[in-house]
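Let's take a walk through this model, starting with its open space and then moving to its packed interior. Have the structure open as you read.

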Amino acid sequence: MSSSAPYYLKAGPVATRLNQAIGWLARHGISLAGTAELSVRGRKTGKMLRLPVNPHNHDGAQYLVSARGHSQWVRNMRAAGEGELRVGRKVRTFTAQELPDAEKLPILRSYLEKWGWEVNQYFLGVTAKSSDDELLAAASDHPVFRIDVRR
């Protein structure tokens, strides 16, 4: 990958099938370790696209972190600025604001503490135990959105 291309580790066939299964479970009310199904409007098609995510709570706020980098859902979220999280019949609509890299450090560290068992492989050697400098160096590769649920 060239240094000018944004980091994005596309899911392979096995991960895609696993994500489909986890999304199906969330859609039917079964959340694995806190997962939910994200729906976000496609920036090109206008259709709602769905995939499982790990909503992350930190200091009283909720975040979505893209472990795989600048993925399609991230690009769609930037365009739409809003989405939905679903677990069974419970649907929470939200607005999303992307954080600048300088604000990501505490969120990335706590996210990796909770979800590292699942996502460390996408952070290319950076873990919850990495130094602040190492986490900050990885911050631009992992978009973070603060979400505000509408009541």
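**Around the pocket, then into the cores**

Two helices and two strands at the front of the list, α1 (13–27), β1 (36–41), β2 (48–53) and α2 (72–80), join α3 in each giving at least two residues to the lining of the largest pocket. Keep in mind that this is a predicted model. Which element gives the most to that lining? It's α1, with nine residues.

The pocket itself has a volume of about 920 Å³. In total, 34 residues line it, and if you want to find its centre, look for Asn19, Leu51, Pro52, Arg68 and Trp73, which lie nearest to that point. Sort the lining by chemistry and you get 17 nonpolar residues, 11 polar ones and six charged ones.

Now for the packed parts. In soluble globular proteins, nonpolar side chains tend to be buried together. Here, the largest nonpolar core has 21 residues, and the members touching the most others are Val65, Leu108, Tyr111, Leu112, Val119, Phe123 and Val144. Two or more residues of this core come from each of β4 (61–65), α3 (105–119) and α4 (132–139). The top contributor is α3, with seven residues.

Val119 is a handy place to zoom in. Leaving aside residues up to four places away in sequence, Val119 touches Asn54, Ala67, Tyr111 and Leu112. There's also a second, separate core of 13 residues, with Leu38, Trp73, Phe94 and Ala96 among them. You've met Trp73 already: this residue is one of those nearest the centre of the largest pocket.

Note on methods:
Residues numbered from 1 in each chain as written. Predicted model: local features only at pLDDT ≥ 70, side-chain atom pairs only at ≥ 80, totals over all residues. Heavy atoms only, no water. Core = buried A, V, L, I, M, F, W, Y, C linked by side-chain atoms within 4.5 Å. Buried < 20%, exposed > 50% of the residue type's maximum accessible area, 1.4 Å probe, protein only. Helix = DSSP H or I, 4+ residues; strand = E, 2+ residues; numbered from the N terminus. Contact = heavy atoms within 4.5 Å. 1 Å grid on protein atoms, 1.4 Å probe; cavity = no way out; pocket = protein on both sides within 12 Å on 5 of 7 lines; lining within 4 Å. Points joined across faces, edges and corners; volume = space filled by probe spheres on them. Nonpolar A, V, L, I, M, F, W, Y, C, P; charged D, E, K, R; others polar.
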